[in-house]
Structure formats: structure tokens, C-alpha cells
Amino acid sequence: MNGADAFDGEGASSQSNSLAGSLTVTVIDVKGNGNLVVQGDKTLKLNQGDEFVHISGVIRPADIATNNTVTSDKLADARISYS
């Protein structure tokens with residue numbers, strides 16, 4: 001009885017995502033140090049179906065711009081989901 005096995009393979013994987021837009025959040029808690037715990041949701045109804053965005057995290061009041069906005073790179077403990 002004789003036997004032989006051979007395997008020759010290659011693989012590659014790449015993924016890239018981008019999400020841009022604005023979302024209103026609500027302050028749901030204020031930490032002892034003054035930082036704000038925020039969260040917000042947005043549902044978009046489009047021709048191909050519904051899209052849902054959720055964001056939550058912690059922001060420092062010092063990072064709130066004069067136009068009352070905060071960029072996502074200033075969001076600590078960020079949880080952002082898109083489906």
C-alpha cells in the first residue's frame with residue numbers, strides 16, 4: 001500500500017471601510033471627573049433597505065467645539081456599529 005499527499009496554496013485578505021456623517025447623541029451620564037457618557041442612534045430608510053448607526057462612548061467637555069460638535073477621534077471607549 002502506498003499513499004501520498006501534497007498541498008500548495010496561497011491566500012490573501014483585505015478589508016477597508018469608511019463611514020462619514022453626523023449623528024446627534026444624548027448625554028446619559030456624567031462621570032465623577034466631569035466626562036460625559038453619550039449615545040445616539042440613527043436609522044436611514046433607503047431604496048435598498050434600512051441602515052442603522054449606533055454610537056456610544058465618553059467625551060471630555062473640553063473636546064466639545066464651539067458649534068457643539070465632537071469628532072469621533074475624541075470619543076473614548078467608542079462603540080460604533082453600522083448595519
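**Strands and the lining of the largest pocket**

At least two residues of the lining of the largest pocket come from each of β1 (26–30), β2 (36–46), β3 (49–59) and β4 (76–82). The model described here is predicted. Among the contributors to this lining, β2 gives the most, with four residues. The volume of the largest pocket is about 820 Å³. A total of 25 residues line the largest pocket, and those closest to its centre are Ser 22, Leu 23, Val 25, Ile 55 and Val 70. When the lining is sorted by class, 16 residues are nonpolar, eight are polar and one is charged.

The strands that contribute to the pocket also belong to a sheet. This sheet is open and consists of four strands in the order β1-β2-β3-β4, with antiparallel pairing. The edges are occupied by β1 and β4, each of which has a single partner strand, so one side of each is left without a neighbour in the sheet. From one strand to the next, the twist averages 10°.

The pairing of the edge strand β1 can be described in further detail. Four bridges join β1 and β2, which pair in the antiparallel sense. Opposite Gln 39 in β2 stands Thr 26. The strand β2 is thus described in two respects: β2 pairs with β1 over four bridges, and β2 supplies four residues to the lining of the largest pocket.

Terms used: Residues numbered from 1 in each chain as written. Predicted model: local features only at pLDDT ≥ 70, side-chain atom pairs only at ≥ 80, totals over all residues. Heavy atoms only, no water. 1 Å grid on protein atoms, 1.4 Å probe; cavity = no way out; pocket = protein on both sides within 12 Å on 5 of 7 lines; lining within 4 Å. Points joined across faces, edges and corners; volume = space filled by probe spheres on them. Nonpolar A, V, L, I, M, F, W, Y, C, P; charged D, E, K, R; others polar. Pairing = 2+ DSSP bridges. Axes fitted to C-alpha atoms, helices over the stretch in contact; angles between N-to-C directions.
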